[in-house]
Amino acid sequence: MVDTDRWGRQAETATRDDRTRRPNRRQFVVATAGVAGGVSLGGCVDSFETVSGSTTDDETITIGALAPDPADDYIGQSIVHSAELAVEELANNGGINGHDVDIAIADTKSSPLEARREYQRLVLEEDVDVTVGMFASEALLAILDDIAEHEIIHLTSGAATTVASQLVNEEYDRYKYHFRVGPTNDADLGRMQVDFLDDMSEEIGWESIALFAEDYEWTEAPWEVYQEQIAGTGVEIATEERYPPATDDFTELYTEAEEQDADAVFITTAHTGDDALLDWAVPQREFAFGGIHVPMQLPAYYDLVDQACRYGVGQTSATATSEITDLTQHFVGEYQDAYDGSNPVYTGYHTYDAVMLFADAVEQADTLDSDELVSTLEDAAFTGSAGLVEFHEPDHEYAHDLVYQQDENLYFQWQENDDGEGVQEVIWPEAQATADYVAPAWLE
């Protein structure tokens, strides 16, 4: 875990004009006994030498992809598959700015320690020019100092913590190499939940909700937004609780929701999502169910839980049926063709966009110099498969974070089609909707 005192430190915010840009460095290992034996558990480099950040004409550009358990985990698999797909697409279209392009994969094993170890391997052994990916916020925070030390652009495409962006704001010169292409950050996740309730609660009959969130760090920012803003939507909070991380039985919480006549449980969950869903669907509780539910985002989830997620409402960046931009269905089709008909989860869309954004920035700047690329990325207005990618200014509280676009954040509902298959139908926003909300059959 990351030391909370360290990440909680304060720093004076400089203006953009006051900041100086140091020359970019590409680090290579000096052959020492310590490094020859592998990167230390602390992920520290004892010695290195630096050279210019520009490439020679025949140099291959290497994309480093950091993902948790890509052989078994849907989240990590989507990161890797989407990065591979983007690299292949670039290679088939002349590479990046005339350079060949390759990929190096790193399995973070959902561990901050392993994330540091693998990040160092990508930099020191694979000589990557950029890194993308990262799912767990704790793992991302663990490599921020390494990103700063090596001065290589990192484009997050999974973790939602705002701490990284706050550090860019507080210590720009050190942490400016971090950008989040997606997903929406944890504070804006809360804002998005409120926007959904404000716009849809009357239409779908959610006049009162039971507000629940698993008591993990990632839910703290959304919970604060709920406390401040849900009342303004006119939706009544019948009961609320940030429940313990070890919760595997929701009987007591759901009984309270029923006793308080809540129309829906509005949940924020990742780690406890399966139990939360099954304890609602199998007994057919007397309320609807929705919110931020990470497992329900998985395209294969309908079959994995034996259809129990039918009628469940969830948030995501994109689905296989959505058409956020002209590139959305292009990417989905290419992914399906390449990976036996399977569909990406949200990390896939953002990772594909991250690689394509980096390629676009290199071609615009005509260099791999990290400092010049930082400037190019700060001015980006890039249309990807999950929507428009623009970043907050360095003096923004969430510097280099994805700018929230309300009409490009989706809520879907698991519905069953005429063939008996589960489909993630988009129900909000209206411009992106592929179907209307359907109340659970047992509530009609």
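Here is a short walk through the pockets and cavities of this structure, which is a predicted model.

Let's begin with the open spaces. The largest pocket has a volume of about 1100 Å³. It is lined by 44 residues, and those closest to its centre are Phe-135, Trp-218, Ala-270, His-271 and Val-294. Quite a few helices come together here: H3 (74-91), H5 (137-150), H6 (163-170), H8 (186-204), H9 (220-229) and H11 (273-281) each give two or more residues to the lining. Helix H9 gives the most, with 5 residues. As for chemistry, the lining of this largest pocket holds 24 nonpolar, 12 polar and 8 charged residues.

Next comes the second largest pocket, at about 390 Å³. Its lining has 19 residues, with Pro-299, Ala-300, Asn-343, Trp-414 and Gly-422 closest to the centre. Helix H3 turns up again, giving two or more residues to this lining, as do helix H12 (301-304) and strand S16 (422-428). By class, you'll find 9 nonpolar, 8 polar and 2 charged residues around the second largest pocket.

Now for the enclosed spaces. How many cavities of 30 Å³ or more are there? The count comes to 2. The largest cavity has a volume of about 140 Å³. Of its 15 lining residues, His-350, Ala-386, Leu-388, Leu-402 and Glu-408 are the closest to the centre. Two elements, helix H14 (346-365) and strand S14 (387-389), each supply two or more residues to that lining, and S14 gives the most, with 3 residues. Sorted by class, the lining of the largest cavity has 7 nonpolar, 6 polar and 2 charged residues.

The second largest cavity has a volume of about 40 Å³. Among the residues that line it are Gln-297, Pro-299, Thr-316, Asn-343, Tyr-346, Tyr-349 and Gln-424. You may recognise Pro-299 and Asn-343, which are also among the residues closest to the centre of the second largest pocket. What about charge? The lining of the second largest cavity has no charged residues, just 7 nonpolar and 5 polar ones.

One last stop is a single residue, Lys-176. You can find Lys-176 in the loop between helix H7 (172-175) and strand S7 (178-180). Is Lys-176 buried or exposed? It counts as buried, because its relative accessibility is 0%, and the cut-off for buried is under 20%. Lys-176 also has a partner: its side chain makes a polar contact of 2.8 Å with the side chain of Asp-371.

How values were computed:
Residues numbered from 1 in each chain as written. Predicted model: local features only at pLDDT ≥ 70, side-chain atom pairs only at ≥ 80, totals over all residues. Heavy atoms only, no water. 1 Å grid on protein atoms, 1.4 Å probe; cavity = no way out; pocket = protein on both sides within 12 Å on 5 of 7 lines; lining within 4 Å. Points joined across faces, edges and corners; volume = space filled by probe spheres on them. Helix = DSSP H or I, 4+ residues; strand = E, 2+ residues; numbered from the N terminus. Nonpolar A, V, L, I, M, F, W, Y, C, P; charged D, E, K, R; others polar. Buried < 20%, exposed > 50% of the residue type's maximum accessible area, 1.4 Å probe, protein only. Polar contact = N/O pair within 3.5 Å; in protein donor to acceptor, adjacent residues only side chain to side chain.
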